[in-house]
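User: Could you show me how to read pockets, surface patches and backbone geometry in a model such as this one?

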Amino acid sequence: MSEETLTDQLEQLVAMLPKGAEKPVSIADIATRLNTNKRTITAWVALLINQKGVSIGSRRSAPSGYYLITSDEERNNAIAPITAQALEELKRAEKLRSIDLHT
């Protein structure tokens with residue numbers, strides 16, 4: 001995929017996101033509309049946030065999906081589950097590190 005094609009698809013992704021968390025667009029809907037898969041959409045969202053500074057939030061509870069963050073409250077609501085997940089992953093890594101493999 002050319003960089004120009006990727007840029008076009010990223011722009012399309014951002015254009016389909018609603019402003020605010022009330023009616024997020026599901027990953028499945030985005031993937032269908034952009035003719036790709038959920039894993040690719042997740043990667044593109046990470047790229048948009050991490051490299052382009054686009055304020056994309058996600059809801060994990062119904063209605064779930066992506067949206068453009070418009071307030072500090074929405075930002076905090078988007079950050080909370082990411083932080084909790086990261087902390088759980090770190091705990092898991094530490095536990096694995098501490099398991100004695102010789103017993």
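Analyst: The turns below take these features one at a time, with the caution that the model is predicted.

User: What is the volume of the largest pocket, and which residues are closest to its centre?

Analyst: Rolling a probe the size of a water molecule over the atoms shows where empty space is left. Here the largest pocket has a volume of about 440 Å³, and of the 21 residues lining this pocket, Ile 49, Ile 56, Ser 58, Tyr 66 and Ile 82 are the closest to its centre.

User: Which elements supply the lining of the largest pocket, and what is its make-up by class?

Analyst: Helix H3 (38-50), strand E1 (56-59), strand E2 (65-68) and H4 each give at least two residues to the lining, with H4 providing the largest share, six residues. By class, the lining of this pocket comprises twelve nonpolar, six polar and three charged residues.

User: Which residues make the nonpolar surface patch, and where is Ile 99 found?

Analyst: Leu 96, Ile 99 and Leu 101 make a nonpolar surface patch of about 340 Å². Ile 99 belongs to the segment after helix H4 (72-98), and this residue counts as partly exposed because its relative accessibility is 40%.

User: Which peptide bond is cis, and what is the phi of Asn 35?

Analyst: The bond from Ala 62 to Pro 63 is cis, with omega near -10°, and Pro 63 lies in the loop between E1 and E2. Asn 35, a residue other than glycine, has a positive phi, near 55°; its place is in the loop between helix H2 (27-33) and H3, and Asn 35 counts as exposed because its relative accessibility is 73%, where the cut-off for exposed is over 50%.

Key
Residues are numbered from 1 along each chain as its sequence is written. This is a predicted model: local features need pLDDT of at least 70, side-chain atom pairs count only at pLDDT 80 or more; totals for chains, interfaces and linings use all residues. Side-chain values use heavy atoms; hydrogens and water are left out. Patches are made of residues with over 30% relative accessible area and no salt bridge: like charges are joined within 9 Å, nonpolar side chains (Val, Leu, Ile, Met, Phe, Trp, Tyr) within 5 Å. Accessible areas come from the Shrake-Rupley method with a 1.4 Å probe; for residues, only the protein chains shown count as cover. A salt bridge is a side-chain nitrogen of Lys or Arg within 4 Å of a carboxyl oxygen of Asp or Glu. Helices (H or I, at least four residues) and strands (E, at least two) are DSSP runs, numbered from the N terminus. Buried means under 20% relative accessible area, exposed over 50%, partly exposed in between (1.4 Å probe, protein chains only). On a 1 Å grid over the protein atoms alone, a cavity is a set of points where a 1.4 Å probe fits but cannot get out, and a pocket is an open set with protein on both sides within 12 Å along at least five of seven lines; lining residues have an atom within 4 Å of a point. Grid points are joined across faces, edges and corners, and a volume is the space filled by probe spheres set on the points. Ala, Val, Leu, Ile, Met, Phe, Trp, Tyr, Cys and Pro count as nonpolar, Asp, Glu, Lys and Arg as charged, and the others, Gly among them, as polar.
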